[in-house]
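Hi,

Here is the structure I promised to pass on to you. Have a look at it first, and then read my notes below.

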Amino acid sequence: MSNVDISSTLFVSPKTVSQIYRLFVTTGNVTSPKVFGRPKGTTTLYDHEELIICEILLRQPTIHLKEMAYEIENTTGTRFPVESLCRTVHRLGFTMKKIEKVAAQRCEIQRARFMAEIALFPSDQLVFVDETGFNRRVMRDYGYSIEGTPATCYRKYSPWGPRYNVVAAISTESIVAIRICDAGVTVGAEEFVAFIQNDLYAALNRYNGANNRSVVILGMIS
């Protein structure tokens with residue numbers, strides 16, 4: 001029988017008959033062999049590969065997509081383009097953010113205990129004391145100008161500008177006390193004791209369970 005006769009009998013097109021005949025001659029079967037593995041050229045990730053991406057991001061949140069591609073290739077043997085990884089990362093719910101730097105020695109149990117103890121006091125009773133500093137060389141990085149022209153600010157540059165150290169106390173309402181040390185003077189033990197005795201003490205109230213500004217919380221004073 002010709003291909004036309006077979007197609008008329010089976011109600012299929014002659015092209016389909018020709019394809020099945022060629023497949024039978026080539027493979028000895030009329031059905032296509034099942035293909036295992038990833039189709040050639042595909043960029044779709046399997047579930048276990050997406051789990052690998054999640055594990056990498058949770059373990060190394062600062063990793064770059066190219067570095068991730070190399071690590072996945074070393075683990076699975078498959079190389080994915082950066083564009084596919086970028087889409088997959090966003091689809092999994094990950095976004096790029098500014099890194100929050102956390103001290104490795106921080107103890108979450110002690111932090112939770114401290115917050116539980118502080119929660120016993122009304123907020124208006126709390127006074128926070130800490131040290132800070134600023135450098136007069138610091139200038140703003142952004143400014144306005146006409147479109148197409150640079151934003152320019154002229155100033156004199158010096159190798160080192162004066163740096164001032166400050167120890168201050170602040171409440172939920174305002175700054176309670178402040179001491180600004182001269183340039184080059186650090187907040188040591190003497191400066192801190194002088195701040196407590198001469199500046200802060202007069203601004204505090206005796207603790208009786210009701211007075212505001214009566215509980216002092218010290219930061220990491222040097």
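**Salt bridges first**

Let me start with a pair in one helix: the side chains of arginine 59 and glutamate 55 meet in a salt bridge, with 2.7 Å from N to O. Arginine 59 and glutamate 55 sit four residues apart in helix α3, so about one helical turn separates them. Arginine 59 counts as partly exposed, at 44% relative accessibility, and glutamate 55 is partly exposed too, with a relative accessible area of 39%. There's a further partner here, since Glu55, Arg59 and Glu71 are linked in a network of salt bridges.

Before I go on, please keep in mind that this is a predicted model.

How many salt bridges does the structure hold? The count is seven. The general idea is simple: side chains of opposite charge can pair when their charged atoms come close.

Another of the salt bridges joins glutamate 50 to arginine 91, and their closest N and O atoms are 2.6 Å apart. Glutamate 50 belongs to helix α3 (residues 47–59) and arginine 91 to helix α5, so this pair ties together parts that are 41 residues apart in sequence. Are the two partners buried or exposed? Glutamate 50 counts as buried, at 13% relative accessibility, whereas arginine 91 is exposed, with a relative accessible area of 54%. The cut-off behind this is that buried means under 20% and exposed means over 50%.

Then there's aspartate 199, whose side chain meets that of arginine 179 in a salt bridge (2.8 Å, N to O). This pair links distant parts of the chain: aspartate 199 is in helix α7 (residues 189–200) and arginine 179 is in strand β3, 20 residues apart. Aspartate 199 is partly exposed, with a relative accessible area of 24%, and arginine 179 counts as partly exposed at 23%.

**The overall layout**

If you want to get your bearings, the protein has seven helices and four strands. Going along the sequence, you'll meet them in the pattern α-α-α-α-α-α-β-β-β-α-β. The protein has 222 residues, and 19% of them count as buried.

**A nonpolar patch on the surface**

Next, turn the model until you find Phe128, Phe134, Ile170, Ile175, Ile178 and Ile180, which make a nonpolar surface patch of about 560 Å². Which strands supply at least two residues each? They are β1 (126–135) and β3 (175–180). Strand β3 gives the most to the patch, with three residues.

Isoleucine 175 is one to click on, as a member of the patch that is found in strand β3. Isoleucine 175 is exposed, with a relative accessible area of 54%.

**One aromatic pair**

The structure holds one aromatic pair. Phenylalanine 121 and tyrosine 207 form it, in an edge-to-face arrangement with 6.2 Å from centre to centre and 70° between the planes. Why does this pair tie together parts that are 86 residues apart in sequence? It does so because phenylalanine 121 lies in the loop between α6 (108–118) and β1, while tyrosine 207 lies in the loop between α7 and β4 (215–218). Phenylalanine 121 is partly exposed, with a relative accessible area of 28%. Tyrosine 207 is partly exposed as well, with a relative accessible area of 46%.

**Serine 84 and the cysteines**

Back in helix α5 (residues 82–91) you'll find serine 84. With 3% relative accessibility, serine 84 counts as buried. The side chain of serine 84 makes a polar contact with the side chain of arginine 87, at 3.4 Å.

As for cysteines, a disulfide is a covalent bond between the sulfur atoms of two cysteines. How many disulfides does the structure hold? The answer is zero. Two cysteines can still be looked up for their accessibility: cysteine 86 is partly exposed, with a relative accessible area of 31%, whereas cysteine 181 counts as buried at 5%.

That's what I have for now. Happy browsing!

Notes: Residues numbered from 1 in each chain as written. Predicted model: local features only at pLDDT ≥ 70, side-chain atom pairs only at ≥ 80, totals over all residues. Heavy atoms only, no water. Buried < 20%, exposed > 50% of the residue type's maximum accessible area, 1.4 Å probe, protein only. Polar contact = N/O pair within 3.5 Å; in protein donor to acceptor, adjacent residues only side chain to side chain. Disulfide = S-S within 2.5 Å. Patch = residues over 30% accessible without salt bridge, like charges linked within 9 Å, V, L, I, M, F, W, Y side chains within 5 Å. Areas by Shrake-Rupley, 256 points an atom, 1.4 Å probe, with all protein chains shown as cover. Salt bridge = Lys/Arg side-chain N within 4 Å of Asp/Glu carboxyl O. Phe/Tyr/Trp six-rings, centres within 6.5 Å; stacked < 30°, edge-to-face > 60°.
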